[in-house]
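Reader: I have a structure to look at, and I would like to learn how to read it step by step. Could you take me through it?

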Amino acid sequence: MDELEESGELTFYYSSPEVQHELLRPLIDPLQDLLSEFEAESDGKIKARFVLLDKAGQKEQEQVENDYGVRPHDIPVRTAFEDSVRKTYFSLVVQSGSDFEHFSLDDLIRDRRISDTKWEVELSDIESLVV
């Protein structure tokens with residue numbers, strides 16, 4: 001982070017925990033902590049923002065989709081009480097000046113099938129994405 005020449009913004013767009021998939025829910029706080037650390041270590045060059053996009057209005061959701069390509073992900077949910085597909089946000093936009101890069105769910109996590117019905121999910125190497 002010290003070698004950054006331009007200022008930038010890291011914006012994490014996500015869904016509120018009550019609608020977030022149970023495997024993604026535990027990743028929200030660690031990702032926010034990591035982005036906040038990047039901000040703290042950047043000597044004011046980086047601003048970290050966290051946006052509950054499912055709580056935003058449709059106009060803001062459309063704006064973010066049009067500007068950065070951020071869309072909700074369809075995630076299957078199967079429990080004793082629910083068998084459906086949830087639309088959930090989990091994206092990171094790294095912006096510097098007029099340039100930006102959008103990292104979607106597939107970029108931000110690594111998943112591994114443990115059994116036919118169990119998955120393990122962890123954050124990818126986020127620093128390698130944003131630096």
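Reader: Which residue in β4 is the bridge partner of Asp74?

Author: Please keep in mind that this is a predicted model. A bridge links a residue of one strand to a residue of another, and here the partner of Asp74 in β4 is Lys87. This pair can be placed in a wider setting, for strand β3 (residues 73-78) and strand β4 (residues 83-88) pair in the antiparallel sense over six bridges.

Reader: How many residues does the hairpin use to join β3 to β4?

Author: The hairpin that connects β3 to β4 passes through four residues. As for the side chains, in a regular strand they alternate between the two faces of the sheet.

Reader: In what order do the elements of the chain run from the N terminus on?

Author: The order is β-α-β-α-β-β-β-β-α-β-β-α, and the chain has four helices and eight strands.

Reader: Where does the largest share of the negative patch come from?

Author: Helix α1 (residues 25-41) supplies the largest share, with four residues, and Asp29 has its place in this helix. The whole patch of negative charge lies on the surface, where Asp29, Asp33, Glu37, Glu41, Asp125 and Glu127 gather.

Reader: What radius of gyration does the chain have, and what would a compact globule have?

Author: The chain has 16 Å, which agrees with the value near 14 Å for a compact globule, given its 131 residues. Taken along the principal axes, the C-alpha atoms fill a box of roughly 50 × 35 × 20 Å.

Key: Residues numbered from 1 in each chain as written. Predicted model: local features only at pLDDT ≥ 70, side-chain atom pairs only at ≥ 80, totals over all residues. Heavy atoms only, no water. Patch = residues over 30% accessible without salt bridge, like charges linked within 9 Å, V, L, I, M, F, W, Y side chains within 5 Å. Areas by Shrake-Rupley, 256 points an atom, 1.4 Å probe, with all protein chains shown as cover. Salt bridge = Lys/Arg side-chain N within 4 Å of Asp/Glu carboxyl O. Lys, Arg positive; Asp, Glu negative; His and termini not counted. Charge placed at Lys NZ, Arg CZ, Asp CG, Glu CD. Helix = DSSP H or I, 4+ residues; strand = E, 2+ residues; numbered from the N terminus. Pairing = 2+ DSSP bridges. Rg over C-alpha atoms; globule rule 2.2 N^0.38 Å.
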